[in-house]
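Grab a pencil and work through the exercises that follow. Each one sets a task and then walks through a solution step by step.

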Amino acid sequence: MTRYFTADHEWLVVEGDAATVGITDYAQSQLGDITFVELPTVGAALAKGDSASVVDSVKAASDVYAPVSGAVTEVNPALEDAPELVNSAPEGEGWLWRMTLADAAQLDGLMDEAAYAAHVAGL
Amino acid sequence: MSDTYDLAPIAGEKPLILTLPLDAWHRARGGRMVEFAGYHMPVQYEGILAEHQWTRAHAGLFDVSHMGQLVLRGDHAGQALEALLPGAFTTLKPGKQRYSLLLADDGGILDDLIVTNRGPDFYVVVNGATKHADIAHITARLPHGVTLDHLADHALLALQGPEAALALGALGLVPAADPARTLDSLVFMEAAPFMWNGVALGVSRSGYTGEDGFEISVHADHAVALADALLAQPQVKPIGLGARDSLRLEAGLPLYGHDLSPDIDPVEADLGFAIPARRRVADAGFRGAAQLAKAFAEGTARRRVGLLIEGRMAAREGAEVVSDGRTVGIVTSGGFAPSLERPIAMAFIETALATPGTALTLSVRGKSLAATVVSLPFHPHRYVRKGAA
């Protein structure tokens, strides 16, 4: 199970032709206390780079972009009552949505864990 | 007074972001620094929610040294203030403070500020982002014999929360003028000078969180020692700008540059309490008096209100307020209110809709949020007033 990362601090775990998407630990630490997550609609077709979700923190509202193209198949139901899961477990229970993978070649443009760590270190 | 922290940026170069006396102190305590009002300032330490709740329950220490500390001197300084501000200052007793507004010639708000009658002079605290413009505006309008000094070599700390008096009391401040003016004798909007380990402190019982608390002016050379001594008290934690904003929003207090601006007059801003009856007349003698008298007499087209928002999504500055499909106002500040556990906002809306209980809609990123007009503050003020202590 490989985890991919974007320069905009989303992560993506691929299993077969499906992917789970969330924001990174670095992203949640920068956003601070998260109070609301606006999730995409199940069935929505996302193009890579679309604003798919908005994470609202005490500080600000931040867009979360689709790291790849595909259709939303599921959103994390736990976030409605517990948006703080994105703070406490951003790369686990605090996942945002699941989607199909329309074009597996798009994964080639994403970073692996080491490359992302280097990206964050350079910020 | 030296302008230690107010180096003018060199023309053509990127403006300098300046540092305040407690810069290293904040960084050493994990403060996440951001640019604010031209300075590096801490937006948070452990987190905005935790800092907000700590302040409401205990005592939060805020560095507000970016704000401008000014002193107006001269035999007729009170009259000079009344020519600049719509408040009553010739009748302000020594040791008392008043909230007021610096008005443009057309009655628009250039800044909001607090004036203290220190006895020999008047001490004025203005916003950091506007202080240089304020100084220029005031200096250009002062009568002969009245002078304005900028205490650029002073830091300003705010200690806010229900345990602030306990924490500051533990430092053993000694009254520096009238021995009867002890810390405990001060009530909300009163001030007195104190000595602490040989250091002069100007202390007022005031702040911008809705809680009991103090603002403490200290020479920059002693700011770190004072911050350390306060933080050594078990009731005290350092609090950043993030929680300062959520606390003042819940307290219904407007923030200059957001809820107040040159395009807004004091009546629209619902700040009529700062203008006594005798000054609500066209010939009151301050700039903007005619416009202000008209606004009081005729009412204004819009009004600052509080909005309680349904659901969890926050509406922030710039969100449109809608009623019957028509835009009727705009949010000037908003966010999640930790003490109410829901989103709240301040907005300017058409006066006819400004009655508490009115149902409105907010347009946020293409979504419609239900909102209700409520009286301010959202969270009750807990100031210590006469007879209450």
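**Exercise 1. Find the partner of Glu211(B) in a salt bridge, and the distance between their closest N and O atoms.**

Step 1. Start with the rule: a salt bridge is a side-chain nitrogen of Lys or Arg within 4 Å of a carboxyl oxygen of Asp or Glu.

Step 2. In this predicted model, the partner turns out to be Arg382(B), with the closest N and O atoms 3.0 Å apart.

Step 3. Now look at the wider network of salt bridges: Arg56(B), Glu211(B), Glu250(B) and Arg382(B) are linked in it.

A word on ground rules. Residues are numbered from 1 along each chain as its sequence is written, and chains are lettered from A and ligands numbered from 1 in the order in which they are written. Because the model is predicted, local features need pLDDT of at least 70 and side-chain atom pairs count only at pLDDT 80 or more, while totals for chains, interfaces and linings use all residues; side-chain values use heavy atoms, leaving out hydrogens and water.

**Exercise 2. Describe how domain 1 and domain 2 of chain B meet.**

Step 1. Set the bounds: domain 1 covers 1-299 and domain 2 covers 301-389 of chain B, as given by an automatic or database domain assignment.

Step 2. Place them: the C-alpha centres of domain 1 of chain B and domain 2 of chain B are 25 Å apart. Domain 1 of chain B brings 32 residues to the contact and domain 2 of chain B brings 28, where contact means heavy atoms within 4.5 Å.

Step 3. Look at the area: about 2600 Å² is buried between domain 1 of chain B and domain 2 of chain B, with 51% from carbon and sulfur atoms. Buried area here is the accessible area (1.4 Å probe) that two parts lose on being put together, summed over both. Phe188(B), Leu249(B) and Glu250(B) supply 24% of what domain 1 of chain B buries against domain 2 of chain B, more than any other three residues.

Step 4. Count the salt bridges: the rule finds four across the interface of domain 1 of chain B and domain 2 of chain B. On the domain 1 side, α2 and α7 of chain B are the elements that give two or more residues. Helices (H or I, at least four residues) and strands (E, at least two) are DSSP runs, numbered from the N terminus.

**Exercise 3. Is helix α7 of chain B largely enclosed or open?**

Step 1. Buried means under 20% relative accessible area, exposed means over 50%, and partly exposed is in between (1.4 Å probe, protein chains only).

Step 2. Nine of the 10 residues of α7(B) (residues 241-250) are buried, so the helix is largely enclosed by the rest of the structure. Among them are Leu241(B), Leu247(B), Leu249(B) and Glu250(B).

Step 3. See what surrounds the helix: the buried residues of α7(B) pack against β1 (32-36), β2 (39-44), α2 (48-57), β3 (59-63), β17 (326-337) and β18 (342-350) of chain B.

Step 4. Then step off the end: Gly252(B) follows α7(B) and has a positive phi, near 75°.

**Exercise 4. Which residues have the most contacts inside the largest nonpolar core?**

Step 1. A nonpolar core is a set of buried Ala, Val, Leu, Ile, Met, Phe, Trp, Tyr and Cys residues joined through side-chain atoms within 4.5 Å.

Step 2. The largest one has 31 residues, and Leu159(B), Leu168(B), Leu173(B), Leu201(B), Val203(B), Leu226(B) and Leu230(B) have the most contacts inside it. Of the elements, α6(B) gives the most, with five residues.

Step 3. Zoom in on Leu168(B): leaving aside neighbours within four places in sequence, its contacts include Leu159(B), Leu183(B), Phe214(B) and Ile216(B).

**Exercise 5. How far apart in the chain are Asp149(B) and Arg73(B)?**

Step 1. Their side chains meet in a salt bridge (2.5 Å, N to O).

Step 2. Asp149(B) is in strand β8 (residues 147-150) of chain B and Arg73(B) in strand β4 (residues 68-73) of chain B, so this pair links distant parts of the chain, 76 residues apart.

Step 3. Check exposure: Asp149(B) is partly exposed at 26% relative accessibility, and Arg73(B) is partly exposed at 30%.

**Exercise 6. What joins chain A and chain B?**

Step 1. Contact involves 14 residues of chain A and 14 residues of chain B.

Step 2. The two chains bury about 1300 Å² between them, 50% of it on carbon and sulfur atoms.

Step 3. There are three salt bridges between chain A and chain B. Arg365(B) and Glu38(A) meet in a salt bridge through their side chains (2.9 Å, N to O).
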